[in-house]
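Please open the sequence and the 3D view side by side. We will walk through them together.

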Amino acid sequence: MQINIKLFPVNKRFPLTISRGTTAQTTNVWIRILHDNIEGWGEASPFGVGNHRQSTDAIKDALQQVVPLLQAFSPLQRQEIEQVLTQNQIPSAARAALDIAMHDWLGKRVGLPLWQIWGLDRNQIVPTSVTIGINSPEGARARARDWLQFTDVRLFKVKLGSPDGIDADKKMLLAVREEAPLPELFVDANGGWSLEDAIAMCNWLANLGIKYVEQPLPRGQEKSLAKLKEHSPLPIFVDESCFTSFDIPHLANYVDGINIKLMKSGGLTEAMRMVHTARAYRLQVMFGCYSDSSLANTAALQLAPLADYLDLDSHLNLIDDPFTGALLKEGRLLPNDLPGLGVQHSAYVST
């Protein structure tokens with residue numbers, strides 16, 4: 001198979017601030033694989049968690065390194081290809097782009113969308129949340145209004161873990177609640193709290209009807225999750241602490257759910273493993289994203305009927321998304337009926 005690598009920039013309509021910093025623009029990687037006159041598409045987006053960082057350059061370099069090793073394979077040989085990628089220590093975002101592209105190729109080869117190949121029911125897809133980053137109370141109010149005016153949303157995920165402390169978190173959350181009295185709010189601290197603050201915030205948030213708290217403690221402090229779970233009335237989800245299915249058994253006794261992101265997992269193949277592993281431990285499942293375009297988010301949506309929560313909103317905040325795919329209807333993102341991922345490019349027609 002032939003593999004083409006292309007970089008493309010994406011710019012956020014509103015920069016997103018979390019406990020680790022602010023993102024306004026990224027350069028993502030578009031992969032196209034060609035085999036038997038059929039083209040499959042995939043995407044990699046850069047991300048960082050603590051000391052673990054996958055930059056655009058690192059992703060591109062890894063893909064260029066492995067392309068000569070993959071040219072002899074067919075996209076149908078995913079198991080063998082996965083072994084090659086593992087042996088060569090290819091970063092997860094680069095693996096994700098290739099894995100997504102091979103799945104897209106397969107769907108186009110048989111003329112069916114992936115969700116249908118897997119026998120999934122689109123009617124089971126829950127509404128997606130959209131994100132309000134760390135801000136002043138006034139800024140958070142404005143961002144809530146922006147979302148409500150811009151698109152049909154029903155759920156907010158509010159980023160907390162402010163460097164100004166939990167009092168700033170409380171003021172911001174109350175401002176969002178007053179501005180947008182939606183039935184449910186979710187909270188994501190992105191590892192921005194100490195154990196003491198996490199216990200205090202989980203109890204305070206429970207009185208406001210918050211549905212769950214995501215990644216309250218920094219990656220590397222997983223042993224403290226046991227004490228937090230003991231004192232928290234709210235379900236605890238982990239994101240930065242959980243990359244692949246191998247992480248789940250070590251976390252299962254201390255959390256209530258996991259956030260699966262294709263860039264962390266390495267693609268749809270491992271994401272499916274993570275779903276089944278989580279269910280075996282009676283954990284809930286969420287799908288999330290980084291600065292992904294419609295390409296990667298529509299890929300994740302192929303598995304969305306298996307999720308309890310969705311947070312696939314990054315493409316909704318882009319001013320220059322070159323792709324179209326998932327459709328937003330009454331707060332729900334739905335994959336379409338086109339073969340494979342069902343993704344199209346604004347200035348390109350696939351073979």
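What follows is a short tour of helices, cores, salt bridges and loops.

Keep in mind that this is a predicted model. A good place to begin is helix α3, which covers residues 92–110. Its 19 residues reach 27 Å from the first C-alpha to the last, close to the 27 Å expected at 1.5 Å a residue. Because 14 of those 19 residues are buried, α3 is largely enclosed by the rest of the structure. Val 110, which is found in α3, is partly exposed, since its relative accessibility is 48% and the partly exposed class runs between 20% and 50%. Together with Leu 112 and Ile 117, Val 110 forms a nonpolar patch on the surface, with about 220 Å² of accessible area for the three together. Just after the helix, Gly 111 takes a positive phi of about 75°.

Now turn to the interior. The largest nonpolar core holds 107 residues, and those with the most contacts inside it are Leu 70, Phe 156, Trp 193 and Phe 287. Helix α3 gives this core its largest share, 9 residues. A second, separate core has 6 residues, including Leu 155, Phe 186, Tyr 212 and Phe 237. To see one of the well-connected residues up close, select Leu 70: leaving aside residues up to four places away in sequence, Leu 70 touches Met 1, Ile 3, Ile 81, Val 84, Leu 85 and Leu 98.

Helix α6, residues 166–179, is the next stop. With 14 residues at 1.5 Å a residue, α6 should span 20 Å, and its end C-alpha atoms are indeed 20 Å apart. Its buried residues are Ile 166, Asp 169, Met 172, Leu 173, Ala 175 and Val 176. They pack against the strands β6, β7 and β8 and the helices α5 and α7.

What about charged pairs? The model has 16 salt bridges. One of them joins Glu 179 to Arg 141, with the closest N and O atoms 3.4 Å apart. Glu 179 sits in α6 and Arg 141 in α5, so this pair ties together parts that are 38 residues apart in sequence. Both ends are partly exposed, Glu 179 at 23% relative accessible area and Arg 141 at 26%.

Is the salt bridge between Glu 214 and Lys 157 made by buried or exposed residues? Glu 214 is buried, at 0% relative accessibility, and Lys 157 is buried too, at 1%. Their N to O distance is 2.5 Å.

Another pair is Arg 279 and Asp 308, whose closest N and O atoms are 2.9 Å apart. This pair links distant parts of the chain, with Arg 279 in helix α11 and Asp 308 in the loop between α12 and β13, 29 residues apart. Salt bridges that share partners also join Arg 141, Arg 145, Glu 178 and Glu 179 into one network.

Finally, look at two loop residues. Arg 282 lies in the loop between α11 and β12, and its phi is near 60°, a positive value in a residue other than glycine. Arg 282 is exposed, with a relative accessible area of 79%. Glu 330, in the loop between β15 and β16, has a positive phi of about 50° although it is not a glycine. Glu 330 is exposed as well, with a relative accessible area of 59%.

Notes:
Residues numbered from 1 in each chain as written. Predicted model: local features only at pLDDT ≥ 70, side-chain atom pairs only at ≥ 80, totals over all residues. Heavy atoms only, no water. Helix = DSSP H or I, 4+ residues; strand = E, 2+ residues; numbered from the N terminus. Expected span 1.5 Å × (residues − 1). Buried < 20%, exposed > 50% of the residue type's maximum accessible area, 1.4 Å probe, protein only. Patch = residues over 30% accessible without salt bridge, like charges linked within 9 Å, V, L, I, M, F, W, Y side chains within 5 Å. Areas by Shrake-Rupley, 256 points an atom, 1.4 Å probe, with all protein chains shown as cover. Salt bridge = Lys/Arg side-chain N within 4 Å of Asp/Glu carboxyl O. Core = buried A, V, L, I, M, F, W, Y, C linked by side-chain atoms within 4.5 Å. Contact = heavy atoms within 4.5 Å.
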